[in-house]
Amino acid sequence: VQFTYEVAPVFVLLEYVSLKKMREIIGWPDGRGDGIFSPGGAISNMYAMLLARFKMFPEVKEKGMSSVPRLVAFTSEHSHFSIKKGAAALGIGTESVICIKADESGKMIPADLERRILEAKQKGFVPFFVSATAGTTVYGAFDPLIAISDICKKYNIWMHVDGAWGGSLLMSRRHRWKLDGVERANSVTWNPHKMMSVPLQCSALLVREEGLMQNCNQMHACYLFQQDKHYDLSYDTGDKALQCGRHVDIFKLWLMWRAKGTIGFEAQIDKCLELSEYLYNKIKDREGYEMVFDGKPQHTNVCFWYLPPGIRYMEDKEEKKKHLHKVAPVIKARMMEYGTTMVSYQPQGDKVNFFRMVISNPAATFQDIDFLIEEIERLGQDL
């Protein structure tokens, strides 16, 4: 259990050095700031919302939501459902989360964000939180962080970056440009248990302002956090968490980082992105395949339709759509019955079910990708 230095001295220090290193990688001067490991990206995002609310209205901690005006948060229509879930849990309400339009490739449109902020202010609501997504769940898209941060600065709104899926690209010199502007955020969610292959669970929330988490969450329990201990009390990190007993998630990450180094993580991440580009290049002009959006994927999410021969040449567009919607579920079910492979599918907006191949396993090879394509064709050719 990790709440005071005296019960978990080594883990407290490992967390301290690792979070500092992660903040340096984000680009905050000298790695200053704060942070915490939490039980997954959804909780990290909720912490960010909690801090943004406290920063704007510190009285909410004692007086509750009846003491503050109607708050609104903004996030992309392609963002993760945890933003709404966090708003529900914090008593802000899902209706107070305004979804901003995304472009064809899944990136938030900054002009629409500004329009919706102004609209909310005219109605007398108080915009307090914008969550930009770095690596969306379905398309793997990266919201334009610099443009979003300009808007947040203009209207004095907390900027959060949900990099649960895409944050690990900061470890790669070849791909970190996709998160340009991340250093301007007030908080960042980053899940090493996704792209960095750290065993579940390992998710960090990183915060630019020092001391804010402590002020927001501390309760000064006198039986844990005595003020007259014989060591530096800043190492008693437990009171800035919502949990009391907290699972130690840092040890796995620290060990892997010691073993692989930043260079090792970088190589592993670059390899996964290379594999997804290989898949994209292989199917983009292949007969029977159609990409869901134009252009090279930004992350390892490759979204595509497979059109079996029986559907490929249908004239009636609506009829074709109706048939195509049923293809991915059948092929996936067959994949699982054969036990050879498993690729998820989903609809998105007005688009019928499509495959979403996501590569995050550093042990995957080019041969595996070749096999996947042959397998889809084998299992779907009679449809």
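User: Let's start small: is Phe-11 buried, partly exposed or exposed?

Analyst: Buried means under 20% relative accessible area, exposed means over 50%, and partly exposed lies in between (1.4 Å probe, protein chains only). Phe-11 has 27% relative accessibility, so it counts as partly exposed. Phe-251 is partly exposed too, with a relative accessible area of 36%. Bear in mind that this is a predicted model, where local features need pLDDT of at least 70, side-chain atom pairs count only at pLDDT 80 or more, and totals for chains, interfaces and linings use all residues. Residues are numbered from 1 along each chain as its sequence is written, and side-chain values use heavy atoms, leaving out hydrogens and water.

User: How are the rings of Phe-11 and Phe-251 arranged?

Analyst: Rings of Phe, Tyr and Trp (its six-membered ring) pair if their centres lie within 6.5 Å; planes under 30 degrees apart are stacked, over 60 edge-to-face, the rest tilted. That rule gives 13 aromatic pairs here. For Phe-11 and Phe-251, the centres are 5.5 Å apart and the planes sit at 65°, so the pair is edge-to-face. It links distant parts of the chain, 240 residues apart: Phe-11 is in helix 1 (residues 9–26) and Phe-251 in helix 8 (residues 250–283). Helices here are DSSP runs (H or I, at least four residues), numbered from the N terminus.

User: Which residues form one aromatic cluster?

Analyst: Tyr-5, Tyr-16, Tyr-231 and Tyr-235 do.

Terms used:
Helices (H or I, at least four residues) and strands (E, at least two) are DSSP runs, numbered from the N terminus.
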